[in-house]
Amino acid sequence: MDPATSVNAKQRELWNTQTADYWIRQKSALDKLLQPLTDLLLEAANLAGSEQVADIGCGTGATALQIASALDDGGHVIGIDISRKLIHSAVRAAEEAGINNVAFIEADAARFEFDKAQDLLVSRCGVMFFGDLVKAFSRLRKGLQPGGRLLLAVWCSPEANEWYQFPMQCVEAFSETRDSPDYDAPGAFTLAKEARVRDLLDTAGFKDIKLASHHPTLFVGSTVDEAAELFMAMNSIQTLLHGAEDALQERVLQHMQEGLKSYQQDAGVYMKSACWLISAKP
C-alpha cells in the first residue's frame, strides 16, 4: 500500500469511529462555533441561484444545507464525506429541514468522479486530511466547469487560534506532553501556511489563487460548562490525555472552567480565531 493510500485508509477509520461520534454528539455546538466560516464561504460564493455546488468534507451537512437553501430550483448541492456516520447525520438534517436540492454521498473526495461538472467546490475545514494533497486537488479541479471556482475556509496557524491554544494549554499545565502540530500530516492546520497552499494548488493546476486572512470571533458555548465540555471532548485534547487518571482529567477540567470565565460574555463564551479564505480557478 502506497503512503497516500495508507493515510486515506487511516482517515477513513478515524472519521468513522470516535472522531465521527464527537462531531455528531457535538453537532449543534460545532455548527455554531464554525458558523462564521460558513458565512465567509456563502458571502464569497455570491450565488446566483442555479449553481451546481459540491461541498467537500461536508461533515454533518451544515454548510451544504445553507448553500442549498440559498439556491433556486435549478441549483443543487452534493455533499461528499468519507464518514458514513457523518453522511447519515447530514441526510437526517436535510430530511428534518425539508431541503430537497441536496444529496449526500459517502466517498473519498480525493478519488471522487463527478457525473456532472460543478460550478463551485467549497469546503469548510474539510480538505486538510488527504493522503496526497496535490493528487486530491488535481482530481477536484477536473470536477469543475471551465469557469468554475474553488472556495475553501481553513485554519491559519494554531498559535493564531485562541479556541485551539486555550484548551491545549490547559492540558499542558498538568502534563509533560506537548502538542506539536505536524504541518505535513493530515490535520486541522495542514493548510495553515500560505506558501504551501499556493504551491499545492499551483502544482494541482489551479490558477488565480488568492488567500485572504480573516479573524472571526467564535462562539464556543452558552456557558463555561458547555465550552469546557466541547473542549474536553476534542480529539487533540483526548490524545494528550490518553491514559491519564480520572483525577488528572478532573484537574484539567476545573482549570479549564476557571480560565473560561474570562471569556464569558452576556451572550455566551467567545474566543478569537484566524482562518484563510482561499479561492482559485481551474
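Two strands count as paired when DSSP finds at least two bridges between them. In this predicted model, that criterion is met by S5 (residues 144-155) and S10 (residues 275-281), which are joined by 6 bridges and run antiparallel. Within this pair, Val154 stands opposite Trp276 in S10.

## The seven-strand sheet

S5 and S10 belong to an open sheet of 7 strands, arranged in the order S3-S2-S1-S4-S5-S10-S6, with mixed pairing. The edges are occupied by S3 and S6 (207-214); each has a single partner strand, so one side of each is left without a neighbour in the sheet. On average, and with direction ignored, neighbouring strands of this sheet are turned by 15 degrees against each other.

The following table lists strand pairs of this sheet for which bridges and an opposing residue pair are given.

| Strand pair | Bridges | Sense | Residues standing opposite |
|---|---|---|---|
| S1 and S2 | 5 bridges | parallel | Gln52 and His76 |
| S2 and S3 | 5 bridges | parallel | Ile78 and Ala103 |
| S4 and S5 | 6 bridges | parallel | Gln118 and Leu144 |
| S5 and S10 | 6 bridges | antiparallel | Val154 and Trp276 |

Strand S2 (residues 76-81) has 5 of its 6 residues buried, so the strand is largely enclosed by the rest of the structure. In the sheet order, S2 stands between S3 and S1. Ile78 illustrates this placement: Ile78 in S2 is the bridge partner of Ala54, and Ile78 also stands opposite Ala103 in S3.

## Crossover units

Helices connect several of the parallel strands. S1 (residues 52-56) is followed by helix H4 (residues 62-70) and S2 in a right-handed β-α-β unit. Another right-handed unit of this kind consists of S2, helix H5 (residues 84-97) and S3. S3 itself spans residues 102-106. A further right-handed β-α-β unit is made by S4, helix H6 (residues 133-142) and S5.

H4 also packs on the sheet, where the helix touches S1, S2, S3 and S4 (118-124); the direction of H4 makes about 155 degrees with that of S3.

## Helix packing

Two packed helices are described by the angle between their axes and the distance between the axes. Helix H3 (residues 27-45) packs against H4 at an angle of about 45 degrees, and their axes are 10 Å apart. That angle makes H3 oblique to H4. The crossing of H3 past H4 is right-handed. On the H3 side the contact involves Asp31, Gln35, Thr38, Leu41 and Leu42, which meet Ala62, Thr63, Gln66 and Ile67 in H4.

Helix H2 (residues 18-25) packs with H5 at an angle of about 20 degrees, the axes being 9 Å apart. Angles under 35 degrees count as roughly parallel, and H2 is therefore roughly parallel to H5. H2 likewise passes H5 in a right-handed crossing. Ala20, Asp21, Trp23 and Ile24 of H2 make this contact with Lys85, Leu86 and Ser89 of H5.

H4 and H5 thus each take part in a β-α-β unit, H4 with S1 and S2 and H5 with S2 and S3, while each also packs with a further helix, H3 in the case of H4 and H2 in the case of H5.

## The three-strand sheet

A separate description applies to an open sheet of 3 strands in the order S7-S9-S8, whose pairing is antiparallel. S7 (217-221) and S8 (264-265) are the edge strands, and each pairs on one side only. S8 and S9 are antiparallel and joined by 2 bridges; the bridge partner of Gln265 in S9 is Gly268. Helix H7 (residues 162-172) lies across S7 and S9 and runs at about 105 degrees to S9.

Lys272 is located in S9 (residues 268-272). With a relative accessible area of 56%, Lys272 is exposed, the threshold for that class being over 50%. Lys272 nevertheless has contacts distant in sequence: leaving aside residues up to four places away, Lys272 touches Asn161, Glu162, Trp163 and Pro216. Lys272 and Asn161 lie 111 residues apart along the chain, yet their C-alpha atoms are separated by 6.3 Å. Of the residues touched by Lys272, Glu162 and Trp163 fall within the residue range of H7.

Note on methods
Residues numbered from 1 in each chain as written. Predicted model: local features only at pLDDT ≥ 70, side-chain atom pairs only at ≥ 80, totals over all residues. Heavy atoms only, no water. Buried < 20%, exposed > 50% of the residue type's maximum accessible area, 1.4 Å probe, protein only. Helix = DSSP H or I, 4+ residues; strand = E, 2+ residues; numbered from the N terminus. Right-handed = clockwise from strand over helix to strand, strands pointing away. Axes fitted to C-alpha atoms, helices over the stretch in contact; angles between N-to-C directions. Parallel < 35°, antiparallel > 145°, perpendicular 65-115°, else oblique. Left-handed = near helix turned anticlockwise from the far one by under 90°. Contact = heavy atoms within 4.5 Å.
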